[in-house]
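This report looks at charged side-chain pairs and at one sheet. Please keep the sequence and the structure in view while reading.

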Amino acid sequence: MSKVSKYIFPILAITVLAMAAQAPFESDVFNTPKEAFKITFIGHGSLLFNFNEKAIYIDPFGKLADYSQLPKADIILITHEHLDHFDPEAIRMIKTEKTDIVLTQNCSKKITGLIIKNGDIQTVQGIKIEAIPAYNIIHKRDNGDFFHPKGVGNGYVITFNDKRVYIAGDTENIPEMKALQKIDIAFLPMNLPYTMTPEMVADAAKSFKPTILYPYHYGETNTLKIINMLKDIKDIDVRIRKMN
C-alpha cells in the first residue's frame with residue numbers, strides 16, 4: 001500500500017461512517033389553508049417541525065443525530081429535564097441569538113429561556129403554544145416515586161394555522177390528556193416502564209380522538225399492539241415511524 005493510500009482509506013472509512021450516522025430521517029408533510037408544514041421524525045422524543053420558514057425542535061437529543069449538521073432553530077421546546085429530552089449540548093449546536101427556547105422550571109436551572117408551566121398559553125414568533133401537564137399516575141421507581149411527578153413536565157399543543165399538534169412528553173393517560181379537543185395530530189409515548197402501555201395509549205386516543213396518532217418514544221414496545229387495538233376506530237389513523 002502506498003503512503004497516500006495509507007492515509008486516504010482511513011479518511012474514507014470515517015466519512016462513510018459519518019454519512020451512515022446521519023442517514024435521512026423519515027418525514028411527513030401536511031397542508032393547511034395558508035401553507036404546508038413538515039414533520040421530521042428524528043427519533044425517541046425528538047422532532048423537527050418546519051413551518052412558515054421556521055425550524056421548531058422538540059427535545060433535541062445528541063445521541064440521535066449530529067445536530068451541528070441540522071438547520072438552526074427558531075424555536076426549541078423542552079418537555080422536561082431528563083437527559084434524553086434535555087441535552088444542553090444539542091441545544092447549543094442549533095441555537096442562535098434569535099432562538100426562543102421554551103422550557104420548564106427545572107430546565108431553566110441550566111439554560112435560560114421562556115418558562116412555561118402546566119396550563120400556560122404563549123404565542124412565540126406568531127405560533128400558539130399550550131403547555132399540557134405530563135406525569136405518571138401508575139408507573140413508579142423502586143423507591144415509590146413516580147418517574148414523572150405531577151406539575152413538573154410539560155406536553156405541548158402547537159397550532160399551525162388550522163392544525164393542532166399535541167406532543168405529549170413523558171406521561172401516562174392522564175385526565176388532562178383525555179380532555180383534549182380538536183387535536184389533528186398526536187404524539188403519545190409508549191415506553192415502559194416510564195410512560196404508557198399500548199392499552200393506556202389506546203384508552204387516551206379513544207377519549208380525545210386525534211385524527212392522526214403517532215406512537216413515539218416507544219423503546220422496545222411492539223407497535224403492532226396499538227395498531228390492532230385501534231384498527232376498528234375509523235376516525236384515528238395510526239402511523240408508525242422510527243421513534244423508538
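## A salt bridge between two strands

In this predicted model, E130 and R164 form a salt bridge through their side chains, with 2.8 Å from N to O. E130 belongs to strand β9 (residues 127-134) and R164 to strand β11, so the salt bridge ties together parts of the chain that are 34 residues apart in sequence. E130 has a relative accessible area of 12%. That value counts as buried because the cut-off for buried is under 20%.

Side chains of opposite charge can pair when their charged atoms come close. The model has seven salt bridges by the rule used here.

## Two arginines and D28

Which residues does D28 pair with? One partner is R239, where the closest N and O atoms are 3.8 Å apart. R239 lies in the segment after β14, while D28 sits in strand β1 (residues 26-30), so this salt bridge joins parts that are 211 residues apart in sequence.R241 also forms a salt bridge with D28, at 2.9 Å from N to O. Here too distant parts of the chain are linked: R241 is in the segment after β14, D28 is in strand β1, and 213 residues separate them.

The surroundings of these residues can be compared. D28 is buried, with a relative accessible area of 11%, and R241 is buried as well. R239 has a relative accessible area of 24%. R239 is therefore partly exposed, since its value is not under 20% and not over 50%. Through shared partners, salt bridges join D28, D237, R239 and R241 into one network.

## The sheet

In what order do the seven strands of the open sheet lie? The order is β8-β9-β10-β11-β12-β13-β14, and the pairing is mixed. Strands of a sheet pair through backbone hydrogen bonds, either parallel or antiparallel. At the edges are β8 (121-124) and β14 (237-238), each of which pairs on one side only.

Strands β11 (residues 163-167) and β12 (residues 185-189) run parallel and pair over three bridges. I167 has F187 in β12 as its bridge partner.

## A helix on the sheet

Which strands does helix α4 touch? Helix α4 (residues 198-208) packs on the sheet and touches β11, β12 and β13 (212-216). The direction of α4 makes about 155 degrees with that of β12.

Technical notes
Residues numbered from 1 in each chain as written. Predicted model: local features only at pLDDT ≥ 70, side-chain atom pairs only at ≥ 80, totals over all residues. Heavy atoms only, no water. Pairing = 2+ DSSP bridges. Helix = DSSP H or I, 4+ residues; strand = E, 2+ residues; numbered from the N terminus. Contact = heavy atoms within 4.5 Å. Axes fitted to C-alpha atoms, helices over the stretch in contact; angles between N-to-C directions. Salt bridge = Lys/Arg side-chain N within 4 Å of Asp/Glu carboxyl O. Buried < 20%, exposed > 50% of the residue type's maximum accessible area, 1.4 Å probe, protein only.
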